[in-house]
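Here is a friendly walk through one structure, residue by residue and helix by helix. Keep the viewer open as you read, and select the residues as they come up.

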Amino acid sequence: MGRKPRIPEAEWERQKPTIERVYMEEQQSLRYLGEGMTAIRGFIASEHEYRRSFEKWGFKKNGIEQASSLTLDDPSQQDRKRTAQALPSRPMQRSFILRFHLHHNSPEFLWHDDIERELWRIKSATDTIINGSFASGKDVWRADHASFIAPSINMDSFQQWQHLESQSSAIVALTGMGVDAEVRGSLEELFRNIESLKGFTNRKAFIPQLIYMWGVCMNLFKVRLPLPRPKIAGSHSMISINPITPALIQRLEVRLTANFKKTDPACEILAALLTVFRHTPQKFKSALECGYFMTIRGFETIAGSGHPMVLRMWSHYSRAWGPKSFLDIDRIGEALQHINSYVDYSGVETEPQSILSFLNLTEMQVAKESVKLGNLSQYCAMLPYSPHPTRLEDFALELRKRAMGSLQTVKYRDNALILDAFVFATELLALRLFVRLCPEFSLEILDEAIELLQKGGTECVIWASRFSKDRLLLLKDRGSPEDFHVEKVRMNHIRRKLPTLRSQITKLPRAVSTARTREFRGQRREERYILRAYLQSMLDSLLPSTHDEDR
């Protein structure tokens, strides 16, 4: 008696029109079909299950199937099929296979047909960019054991996009702190940096954009701001809409279409995302998730599941989506061993690639412990740490030491990658691992971070302000009144360095009375109204019909 199929036949029949359109009418590969069905429709099936259904439905193609296996389990089969795809031969990292899973969307969650078409359009354009950039030839991208190497362009575009990702994370940290003028000033600075991006005249510079664009967009969705609540067609309630990410995408699209045709793959990705937002803004974030997922899968096919850049994207994806995604715990140990082989413990290295490897290692340890315990708050950290890291806190402390050493040098003081690693390690140690076990140690870590970061650029100052507020909250319950007052003075001093629109706010006089405090709070409320109007105007420029419908 045969085994009962894992996926019910009724579900296969429901997915059949889409499978037939993509696989038979559009003549796409099985890998393309499987990855798209997983990301867009939440339909996860093996290669064998697809072929069994093809045989049942009578789906046959002429010639040899050029799709690579969905399972990625047979290296020899992968090599043969990759040759058929005209991809360059290179050593693949096959010490393990990192399996990344998605929870199914709820049954009532369905894409509109027009929106689903746009998502498949993103999938096709993404594959075109990645496969074309890493194709055979002399002047192409290549993947080494640590990073992606550009062919003939300089690395300015990589560094600029790293800076944008760091800046977007800092803006998220700034929101919710009651400094609305500073938030608006930081957003304006972010958009100015978008306008100054280089590499929009060279298609080879699209790879950094694909790597970092999704991360920047997902970061900006975490902001805690007074978002507009327009009336959406087909919805009975008013929904908060975040216009910052689509406004950023719109600016990128304008820059790209000025140099390339609208049919260029990079332009198609941005145009498709804007179409999704204008059609169904409440599902725009889910569309970003699909695009990010498909992009990482594309790079995974090229560089292998254990490549540091791929692991970095998976880690950011899992942090952005939390319970919607999870890692296979049986494979995380192998991933740690793989990354560990590239880390030198003989001395403190301060090069960005060394810190990137250690950052990946620490993030994988966080994922491992979170899956094992169900919640990282159940983890019991210990001091001191050993020179050869074995526990999560050991990796975090070593990462912090290496990143701090780099930030203290002039060469890497404003390096976005190193700043991200330092901030991640500081938050992990001070606010998650030791905040209950040893609050004095948390206060010490935060104090060192503040002293270092307040001397840096805008992103460093933003994080210094955020850590100063975190330290203030810890001192409120555990510190002396004198320490609390000193930290509050330092926090106000740091906030004066934040980018702000000075014409909108006045400083509070030294002599503080009840009336002046009331006046200051009124100014803060006014700044909140201005920020809300700023976001509303941003939304109106993206959805012109919204204001008309309100009338």
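Which residues does A173 touch, not counting residues up to four places away in sequence? The partners of A173 are W463 and R466. Before following that contact further, please note that this is a predicted model.

**The chain as a whole**

The protein chain holds 21 helices and four strands. It has 551 residues, of which 53% count as buried. If you look at contacts between residues at least 6 apart in sequence, 74% of them join residues at least 24 apart.

**From A173 to helix α18**

A173 sits in helix α6, which covers residues 156-174. With a relative accessibility of 4%, A173 counts as buried, because the cut-off for that class is under 20%. Along the chain, A173 and W463 are 290 residues apart, yet their C-alpha atoms are separated by 7.0 Å.

Both W463 and R466 also appear in a helix pairing: they are among the α18 residues that meet α16. Helix α16 (residues 416-433) packs against α18 at an angle of about 5 degrees, and the two axes are 12 Å apart. That angle makes α16 roughly parallel to α18, since angles under 35 degrees fall in that class. On the α16 side the contact is formed by L419, V423, T426, E427 and L431, while α18 brings E459, C460, W463, R466, F467 and D470. Sorted by class, this contact of α16 with α18 has six nonpolar, one polar and four charged residues.

Another residue to select in α18 (residues 458-478) is S468. Is S468 buried or exposed? S468 is buried, as its relative accessible area is 0%. Leaving out residues up to four places away in sequence, S468 touches I450, E487, R490, M491 and I494.

**Helices α5 and α10**

A second helix pair joins α5 (residues 113-133) and α10 (residues 265-279), which pack at an angle of about 160 degrees with their axes 9 Å apart. The two helices are therefore roughly antiparallel to each other, because angles over 145 degrees count that way. The crossing of α5 and α10 is left-handed. By class, their contact has eleven nonpolar, four polar and four charged residues.

To display this contact, select D114, I115, E118, R121, I122, A125, T126, T128 and I129 in α5. From α10, add P265, A266, E268, I269, A271, A272, L273, T275, V276 and H279.

R117 also belongs to α5. It is partly exposed, with a relative accessible area of 47%. R117 and I40 are 77 residues apart along the chain, and their C-alpha atoms are separated by 10.0 Å.

**Two charged residues in other helices**

E363 lies in helix α14, residues 352-373. At 5% relative accessibility, E363 counts as buried. Apart from residues up to four places away in sequence, E363 touches R312, S315, R319 and F424.

R528 is placed in helix α20, which runs over residues 514-542. What does the side chain of R528 make a polar contact with? The partner is the side chain of D180, at 2.8 Å. R528 touches D180 and P226 when residues up to four places away in sequence are not counted. Next, compare sequence and space for R528 and L225: they are 303 residues apart in sequence and 8.9 Å apart from C-alpha to C-alpha. R528 itself is partly exposed, at a relative accessible area of 27%.

**A backbone detail at Q27**

One loop residue is worth a look in a phi/psi plot. Q27 has a positive phi of about 55 degrees although it is not a glycine. Q27 is found in the loop between α1 (9-25) and α2 (30-41).

**Accessibility at a glance**

The table collects relative accessible areas for several of the residues above.

| Residue | Relative accessible area | Class |
|---|---|---|
| S468 | 0% | buried |
| A173 | 4% | buried |
| E363 | 5% | buried |
| R528 | 27% | partly exposed |
| R117 | 47% | partly exposed |
| Q27 | 48% | partly exposed |

Key. Residues numbered from 1 in each chain as written. Predicted model: local features only at pLDDT ≥ 70, side-chain atom pairs only at ≥ 80, totals over all residues. Heavy atoms only, no water. Buried < 20%, exposed > 50% of the residue type's maximum accessible area, 1.4 Å probe, protein only. Contact = heavy atoms within 4.5 Å. Axes fitted to C-alpha atoms, helices over the stretch in contact; angles between N-to-C directions. Parallel < 35°, antiparallel > 145°, perpendicular 65-115°, else oblique. Left-handed = near helix turned anticlockwise from the far one by under 90°. Nonpolar A, V, L, I, M, F, W, Y, C, P; charged D, E, K, R; others polar. Polar contact = N/O pair within 3.5 Å; in protein donor to acceptor, adjacent residues only side chain to side chain.
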